[in-house]
Amino acid sequence: MAGIYQAAYRRASSLVCRLHSTYVRKMRYLNELKEDDSLCRQAQTSGTFYLFHNLSPFLQKAGKKYLVPQLSAAEMKRILEKFKETEQWIEKSVLIGCSDEHVPQFALDLGWDDSSSIALEKSVIESELKGSFTDLRKALFVVDGKDSPLLASAQSLLRWHDSHQYCSKTGQPTQKNVAGSKRVCHASGITYYPQMSPVVITLVSDGSRCLLARQPSFPQGMYTALSGFCDMGENVEETVQREVAEEVGLEVESLWYSASQHWPFPSSCLMIACHALVRAQQAEIRMNSLELEEARWFGLEEIVEGLKREPRSSKQDDGSFLPWFPPKQAIAHQLIREWVKRQTS
């Protein structure tokens, strides 16, 4: 019997090692592409491309589903030749990942004008490829869950390059490396790397209820957890405490980390999700009306019903809206589900 257990353990260990080494090889290959311009330029001839136009990703509809097509390098060359464009466009692409088989994945925005090229007309590309460029806020919630993070990171990297074309010290143009993992100002020698802004998103509870809020810019009826950018020098705990105090006038008694998520809005954020507990005896909301339109406590039953509700079914006959919450792709949804699980366990 001991021999059987040992053999099973060896097989399991071998599987873990193979999985681990696949991941390690993949990460090291990506790092090589970022550091070696000639290797990355060569990879562009065999990689796949996700297309954007003015930061909107290209999608194709298949029945009720939306697909995110990956165009081969040969297909990209064909399209550019058809539109009488040079392959200089490929140089504008940025590396966003690779498959387990080491097929590099790039993102390319065909809607940008600069000194070396003119933006391609959106409607012509859509007609040629039989799809449409879709606003990312919509795209993230209609594509398959595995595609959402890739689209978000691709758009964030493309946006970063668009806004960092000049050195903040010298005003001189910066130049991206082939992979798009950095930009260099040759006049000053400064190297710029893509960055994310840390944001805490916090679900506040008094033990039996959770607090959700909405801003005037939100879709009608949507409520979500409190969130705010980390101030310079703050740690996560201090940011949670400050944001809760500023926005709803409550003092956090304890808090704990849940998970994190990259979020491309408003401009590439790292969402750090936390739960926070306040005293039930001191749970009177004093809302900051400069930041929020409404903030209120929700009981378990109302939360469960809200999770089932679709935005389009939220509107009532009298014009009011029943509460609904962010979809499952958003980390706020995960926080709310975790709270429900704790309340019902």
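These are my notebook entries on a predicted model of one protein chain.

**Entry 1: overall picture**

I began with the chain as a whole, and I counted ten helices and 16 strands in it. The C-alpha trace spans about 65 × 65 × 50 Å along its principal axes. Of the 345 residues in the chain, 43% are buried.

**Entry 2: strand E1 and its partners**

I then turned to strand E1, residues 48–53, and asked how many of its six residues are buried. The answer is six of six, so by the cut-off of under 20% relative accessible area each of them counts as buried. In a regular strand the side chains alternate between the two faces of the sheet. I therefore listed the two sides separately: Thr48, Tyr50 and Phe52 lie on one, Phe49, Leu51 and His53 on the other, and both faces are covered.

Next I looked up the strands with which E1 is paired. Strand E6, residues 104–109, runs parallel to E1 and is joined to it by five bridges, with Asp109 as the E6 bridge partner of Phe52. Strand E4, residues 71–72, is antiparallel to E1 and is joined to it by two bridges; here I found Thr48 opposite Ser72. Strand E2, residues 56–62, also pairs with E1 over two bridges in the antiparallel sense, and in E2 the bridge partner of Phe52 is Pro57. Phe52 thus has a bridge partner in E6 and another in E2.

**Entry 3: backbone details in loops**

E1 and E2 form a hairpin with two residues between them, and I checked the turn residue Asn54, which has a positive phi of about 50 degrees although it is not a glycine. Asn54 counts as partly exposed because its relative accessibility is 45%.

I noted another positive phi, near 55 degrees, at Lys130, which is likewise a residue other than glycine. Lys130 is in the loop between helix H5 (122–129) and strand E7 (132–133), and at 67% relative accessibility it counts as exposed.

Which peptide bond did I record as cis? It is the bond from Phe265 to Pro266, with omega near -5 degrees. Pro266 belongs to the loop that connects strand E14 (254–263) with strand E15 (269–277).

**Entry 4: a sheet of three strands**

I traced an open sheet of three strands in the order E8-E9-E10, with antiparallel pairing. Strand E8 (175–176) and strand E10 (191–192) each have a single partner strand, so they stand at the edges and one side of each has no neighbour in the sheet. Between E8 and strand E9, residues 183–184, I found two bridges; in E9, Val184 is the bridge partner of Gln175.

**Entry 5: charged side chains**

My count of salt bridges came to 16, and I went through several of the pairs. Lys26 and Asp100 meet in a salt bridge at 3.4 Å, N to O. This pair links distant parts of the chain, since Lys26 is in helix H1 (residues 2–35) and Asp100 in the loop between strand E5 (94–98) and E6, 74 residues apart. Lys26 is buried, with a relative accessible area of 18%, whereas Asp100 is exposed, at 52%.

For Arg242 and Glu234 I recorded a salt bridge of 2.6 Å, N to O. Arg242 counts as buried at 17% relative accessibility, and Glu234 as partly exposed at 21%.

In the salt bridge between Arg296 and Glu302, the closest N and O atoms are 2.6 Å apart. Both ends are partly exposed, Arg296 at 23% relative accessibility and Glu302 with a relative accessible area of 30%. I also noted one network, in which salt bridges that share partners join Asp231, Glu234, Arg242, Glu243 and Glu246.

Elsewhere on the surface, Glu32, Glu35, Asp36 and Asp37 gather in a patch of negative charge. Asp37 is in helix H2, residues 37–43, and it counts as partly exposed because its relative accessibility is 32%.

**Entry 6: Thr239**

Last, I looked at Thr239 in helix H8, residues 236–248, and asked whether it is buried or exposed. Thr239 counts as buried, because its relative accessibility is 0%. Its C-alpha atom is separated by 7.7 Å from that of Phe229, a residue ten positions away along the chain.

Technical notes:
Residues are numbered from 1 along each chain as its sequence is written. This is a predicted model: local features need pLDDT of at least 70, side-chain atom pairs count only at pLDDT 80 or more; totals for chains, interfaces and linings use all residues. Side-chain values use heavy atoms; hydrogens and water are left out. Patches are made of residues with over 30% relative accessible area and no salt bridge: like charges are joined within 9 Å, nonpolar side chains (Val, Leu, Ile, Met, Phe, Trp, Tyr) within 5 Å. Accessible areas come from the Shrake-Rupley method with a 1.4 Å probe; for residues, only the protein chains shown count as cover. A salt bridge is a side-chain nitrogen of Lys or Arg within 4 Å of a carboxyl oxygen of Asp or Glu. Lys and Arg count as positive and Asp and Glu as negative; His and the chain ends are not counted. The place of a charge is taken as NZ of Lys, CZ of Arg, CG of Asp or CD of Glu. Helices (H or I, at least four residues) and strands (E, at least two) are DSSP runs, numbered from the N terminus. Buried means under 20% relative accessible area, exposed over 50%, partly exposed in between (1.4 Å probe, protein chains only). Two strands pair if DSSP finds at least two bridges between them.
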